[in-house]
Amino acid sequence: MPDKNIDKKILDSAKKEFLNKGFANASLRYICAEAGVTTGALYKRYSKKEELFQVLVQDVIDDIEDVIAAKSIDYDDPKLTYKDFYDMWSLTEGYLEWWYDFLSQRRDGFKLLVKCSEGSQYQNFQHDLVERICKESYKCYCAAAKRGMVRNDISHRELHVLTTSFWSTMYEPFIHDFTEEEIQLHCRLTAQFIDWHRVLGFREPQI
């Protein structure tokens, strides 16, 4: 009867090796030795190092995609008010804390993607995630601009650069192993540092 514990041993060992050395420098032989399995046992389950890395990060990628998809709406809906659009661009501590809590629950997998993926098919993960988010954000901006809600003319390329800057503040705490206390401080500082309303030219809604 197959030993079901072998998969967990391999994945635990692989995660440790990838986190310590990165994808490019990780050794399958070392992974097997640490897991206490033969290379044959590993190859029976994972055909190559790339597949092993993918298994460790796929859930994180899927979860992030689910969040983005859930936040996607019809920005041309006439029921959306000025305040609705204004709130979509409100960068509050609560919003940042939600994202950091979400990513912290997936810390190892996210760290593999943003710090340890060089040489793998995910080496452009940071850029690809920014572009995925920017594409959705630009739809929101264009809908607001069409209705005269924003004063500044922002191109998709410019928004991509600005979104890259913002998401760098999301990546770095995981790259540098911030503690929970450091992340809480980082949330407060980031909320003060970035003002999307000013960037896009939103006026504060009248109550």
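1. Let's start with the cysteines. Cys 140 is buried, at 4% relative accessibility. In this predicted model, its sulfur lies 9.4 Å from the closest cysteine sulfur, which belongs to Cys 142, and that is too far for a bond. Cys 134 is buried as well, with a relative accessible area of 0%. The closest cysteine sulfur to that of Cys 134 is again in Cys 142, at 9.9 Å, so a bond is ruled out by distance here too. The count for the structure is 0 disulfides. As a reminder, a disulfide is a covalent bond between the sulfur atoms of two cysteines.

2. How far can you trust the coordinates? The mean pLDDT of the protein is 93, and 97% of its residues reach 70 or more. Among the elements, helix H7 has the highest mean pLDDT, 97, while helix H3 (residues 39-45) has the lowest, 91. Where pLDDT is low, the predicted coordinates should not be read in detail.

3. On the overall fold, you are looking at a protein with 11 helices and 0 strands. Its C-alpha atoms fill a box of roughly 65 × 35 × 30 Å along the principal axes. Of the 207 residues, 41% are buried. Taking contacts between residues at least 6 apart in sequence, 78% join residues that are at least 24 apart.

4. Now to the interior. The largest nonpolar core has 65 residues, and Phe 18, Leu 52, Ile 64, Phe 85, Phe 110, Trp 167 and Phe 202 have the most contacts inside it. Helix H8 (residues 125-146) is the element that gives the most to this core, with 9 residues.

5. Phe 85 is worth a click in your viewer. Which residues does Phe 85 touch, leaving out those up to four places away in sequence? They are Tyr 75, Leu 80, Cys 140, Ala 143, Ala 144, Arg 147, Met 149 and Phe 202. One of these partners, Cys 140, is the buried cysteine from the opening point.

6. Helix H7 deserves a point of its own. Its buried residues are Gly 109, Phe 110, Lys 111, Leu 112, Leu 113 and Val 114. Do notice the lysine in that list: Lys 111 is buried along with its neighbours. What do the buried residues of H7 pack against? Their partners are helix H1 (5-25), helix H4 (49-71), helix H6 (93-104), H8 and H9.

7. Aromatic rings come next, and a search of the whole structure finds 20 aromatic pairs. In one of them, Phe 110 and Phe 174 meet edge-to-face, with 5.2 Å centre to centre and 80° between the planes. Phe 110 sits in helix H7 (residues 107-115) and Phe 174 in helix H9 (residues 156-175), so this pair ties together parts that are 64 residues apart in sequence. Both rings are out of reach of solvent by the numbers: Phe 110 is buried at 0% relative accessible area, and Phe 174 is buried at 1%.

8. A second pair makes a nice companion. Trp 167 and Tyr 171 are tilted, with 5.9 Å centre to centre and 50° between the planes. Why do these two belong to one stretch of helix? They are 4 residues apart in helix H9, which means about one helical turn separates them. An α-helix has 3.6 residues a turn, so residues three or four places apart point the same way. Trp 167 is buried, with a relative accessible area of 2%, and Tyr 171 also counts as buried, at 2% relative accessibility.

9. The two pairs are part of one aromatic cluster, formed by Trp 89, Trp 98, Trp 99, Tyr 100, Phe 102, Phe 110, Phe 125, Phe 166, Trp 167, Tyr 171, Phe 174 and Trp 196. At Phe 102, a charged side chain joins in: Arg 106 lies over the face of the ring, at 3.9 Å from its centre. Elsewhere, Lys 49 lies over the face of Phe 23, at 4.8 Å from the ring centre.

10. Last, a polar residue to look up: Ser 13, in helix H1. Is Ser 13 buried or exposed? Ser 13 is buried, with a relative accessible area of 8%. Setting aside neighbours within four places in sequence, Ser 13 is in contact with Tyr 30, Ile 31, Glu 34 and Ala 35.

Conventions:
Residues are numbered from 1 along each chain as its sequence is written. Side-chain values use heavy atoms; hydrogens and water are left out. Rings of Phe, Tyr and Trp (its six-membered ring) pair if their centres lie within 6.5 Å; planes under 30 degrees apart count as stacked, over 60 as edge-to-face and the rest as tilted. Buried means under 20% relative accessible area, exposed over 50%, partly exposed in between (1.4 Å probe, protein chains only). A charge sits over a ring if NZ of Lys or CZ of Arg is within 6 Å of the ring centre and within 35 degrees of the ring normal. A disulfide is a pair of cysteine sulfur atoms within 2.5 Å. A nonpolar core is a set of buried Ala, Val, Leu, Ile, Met, Phe, Trp, Tyr and Cys residues joined through side-chain atoms within 4.5 Å. Contact means heavy atoms within 4.5 Å. pLDDT is the predictor's confidence in each residue, from 0 to 100.
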